[in-house]
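Please follow the description below with the sequence and the coordinates side by side. The text moves from one sheet to the other and then to the helices.

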Amino acid sequence: MKAQAGGGEPCQGGPEDRPEGARPEPSGANAPLSCPLCAEDLQRPRRGAPAGERGGARAPRRGQSAPANDHRPRPVHWFHLRRNLNFDDDLESLLGNFLSFTQLGGIKLRRYQEEAARAVLRSVQEKLGLSLVVMFPRQSGKNELQAQIEAYLLMLYASQPVEIVKISPTWRPQSLNAMRRLERVLNANELTRQRWQRENGYIFRVDQARIYFLSAAPSASIVGATASLLLEVDEAQSVSPEKFDREIAPMAASTNATRVFWGTAWTAQTLLGRELRAGLAAERSTPADDLPRRVFRIAAEEVAREAPAYERFVAEQVARLGRGHPSIRTQYFSEEIDAEAGLFPPERLALMEGAHAWQERPQPGETYAFLVDVGGEEKPPALPGEGEAPEREHDATALVIVAVDRGSLADPLLRAPTYRVTHLRQWHGERHSTLYQQIQALAKTWNPRRVVIDATGLGAGLADFLERALPGRVLRFEFNTLSKSRLGWRFIEVIESGRFSLPRAEGQRGEELVELLRAQARGCAYHVGQRPAQALHWGVPEGARHPATGKPLHDDLLLAAALVARLDNVEWPLEGGAVGIIQGKDPLDQKERF
């Protein structure tokens, strides 16, 4: 099979010239711009032909030449490179086009990848010493682009003793994954397949050009490396700014090497966030024609224009988690979240408002669940002569009763129940023996399918009693830093996907409790660490006051409501009798797997 050159006459390279595993050249409307060496072949006399006779074909009418103002890349076919390449004389000129190089390895970059690559390569080749930020959504080709740029620069500068340094947040798995990607690209490309070597396990070399892979883990000792050509920081949102300033930035100092910060959005306090703002400020202060763009901030919509499958995937994630979920905002739409703020902004509170009525008693045909946050007991009076103990108000014990709507289990995007709050209760300072009796009595009335209870500390005893009274129905939850963080992320997921709603309360007591839950949500603050894998710390700050009454504001009702996320792990029977198994999904775990 002859490869077609941009719609013109066939190239002279045959199938025996094609590298093993290489894809055929596209033809027709999808064909690349013409290969300049094909045009030379068509104008070159054939062996043995009479003088003046051309290569068996007239000059092509289209595809073989371009208008003078057409500066688009001119890919060179791999069989011409293999046949004609003189590594001593012609390599640099033949490698003058990055897109030709990537096509030799069977890769066609997307438009947003090309734009970022051009800026990086221009800064490197013209020795501009720029700091560039490339913020791509997850699974949109960021790592592939990195490996292609690295392989290209190693080949382009193979005759020079230059050094690239690539920093990843951890050695295992991130640095190891980066090395595997580069190895795959080097082996796939005809120009590099036989020319690269690996040294000391973490250095890749093409002749004299080298790339070093290093870890930015706090315990890693990386002082002394030099990035004479390029310094890359991958997943920069997870690299400590202090570590970068102290140990990594000086690597580029001797040559003012180009610095590229790759990553995905998290908070403004991260290294990536800091460099993003510096890049935007530099763009505003520099005329657009003088220097390339500094910041490439791509969202899911731009990826979807060139990858319809990506659009469908993101739509499923948004339907499941909600557009306002921190994972969706940061991982797919390149939107930073505040490191410290209110966990329930007005738009999230609006999602919690339902149209259903408060219930004083269960309704036939409904499936219910109890959510119990256990507060402290009131201390007995001090004995004579001991004096009064200092007064300290404990959180109340809170009960949230939800109706479990199993209809949304059949939704192919949600595959999870919907929860409607129908009733709230609070007990202040009640002894746990009394609480047990009252919750047990309510359970006889409402017949909950599941009871999720805070079994932390004093709550463990109450949970034990309820397990004996309600065998097979009690789910224990113990609060600690990690479990509360995961509960918070999952509760947001339930709210943002439209699966949690508060009732329209009627009657003074019902209205007071529903409004108290809203007040606790409005007063709930959070902060997250600089790296996405760090915990979410959330709750009503100690000393907070109810804005309307001035009384101390706690988070007992809010924590009880958050326990609804634990129900997503339960096997709920579908309305037709089958069982829907809901797999627990932890957004923090998801971020760590990316």
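A convenient place to enter this predicted model is a single pair of residues, since Arg420 stands opposite Ser501 in strand 16. The strands concerned are strand 13, which covers residues 418–427, and strand 16, which covers residues 500–504, and they pair in the parallel sense over two bridges. On the sheet packs helix 14, made of residues 432–446, which touches strand 11 (368–373), strand 12 (397–405) and strand 13, and whose direction makes about 145° with that of strand 13. Helix 16, residues 481–496, also packs on the sheet, where it touches strand 13, strand 15 and strand 16, with its direction at about 70° to that of strand 16.

The sheet as a whole is open and has seven strands, which follow the order 10-16-13-12-11-14-15 with mixed pairing. Strand 10 (353–357) and strand 15 (474–477) stand at the edges, and because each has a single partner strand, one side of each is left without a neighbour in the sheet. From one strand to the next, the twist averages 30°.

Another open sheet has eight strands in the order 3-4-5-2-6-7-1-8, and its pairing is likewise described as mixed. Here the edges are taken by strand 3 and strand 8 (295–297), each with a single partner strand, so that one side of each is left without a neighbour in the sheet. The twist in this sheet averages 15° from one strand to the next.

Starting from the edge at strand 3, the reader can follow the order of the sheet inwards. Strand 3, residues 196–199, runs antiparallel to strand 4 and is joined to strand 4 by four bridges, and the bridge partner of Glu199 in strand 4 is Ile203. The hairpin of these two strands has three residues between them, and in this hairpin Asn200 takes a positive phi near 55°. Strand 4 then pairs with strand 5 (residues 209–215), again in the antiparallel sense and over four bridges, with Ile211 in strand 5 as the bridge partner of Phe204. These strands also form a hairpin, with two residues between them, and Asp207 in the turn has a positive phi of about 55°.

Which residues of strand 4 are buried on one side, and which on the other? Ile203 and Arg205 lie on one side and Phe204 and Val206 on the other, and since all of them are buried, both faces of strand 4 (residues 203–206) are covered. Helix 7 packs on this sheet and touches strand 2 (163–168), strand 3, strand 4 and strand 5, its direction making about 155° with that of strand 5.

Further along the sheet, strand 6 (residues 230–233) and strand 7 (residues 258–263) run parallel and are joined by four bridges, and Val233 stands opposite Phe261 in strand 7. Across strand 1 (131–135), strand 6, strand 7 and strand 8 lies helix 9, residues 271–285, which runs at about 120° to strand 1.

The packing of helices on one another can be taken up from helix 7. Two packed helices are described by the angle between their axes and the distance between the axes. For helix 6 (residues 142–156) and helix 7 (residues 171–188), the axes come within 9 Å and cross at roughly 55°, and the two helices are therefore oblique to each other. Helix 6 passes helix 7 in a right-handed crossing. To this contact helix 6 contributes Asn143, Glu144, Ala147, Gln148, Glu150, Ala151 and Leu154, while helix 7 contributes Arg181, Leu182, Arg184, Val185 and Leu186. Sorted by class, these are six nonpolar, two polar and four charged residues.

Helix 6 also packs with helix 5 (residues 111–125), at an angle of about 35° and with the axes 11 Å apart, and helix 5 passes helix 6 in a right-handed crossing. In this contact Gln113, Ala116, Ala117, Val120, Leu121, Val124 and Gln125 of helix 5 meet Leu145, Ile149, Tyr152, Leu153 and Leu156 of helix 6. The contact has ten nonpolar and two polar residues, and no charged residues.

These elements belong to a protein with 19 helices and 20 strands. Of its 594 residues, 51% count as buried. Among contacts with a separation of 6 or more, 72% are accounted for by residues 24 or more positions apart.

Technical notes. Residues are numbered from 1 along each chain as its sequence is written. This is a predicted model: local features need pLDDT of at least 70, side-chain atom pairs count only at pLDDT 80 or more; totals for chains, interfaces and linings use all residues. Side-chain values use heavy atoms; hydrogens and water are left out. Axes are lines fitted to C-alpha atoms, for helices over the stretch in contact, and angles run from 0 to 180 degrees between N-to-C directions. Angles under 35 degrees count as roughly parallel, over 145 as roughly antiparallel, 65 to 115 as roughly perpendicular and the rest as oblique. A crossing is left-handed if the near helix is turned anticlockwise from the far one by less than a right angle, and right-handed if clockwise. Contact means heavy atoms within 4.5 Å. Ala, Val, Leu, Ile, Met, Phe, Trp, Tyr, Cys and Pro count as nonpolar, Asp, Glu, Lys and Arg as charged, and the others, Gly among them, as polar. Two strands pair if DSSP finds at least two bridges between them. Buried means under 20% relative accessible area, exposed over 50%, partly exposed in between (1.4 Å probe, protein chains only).
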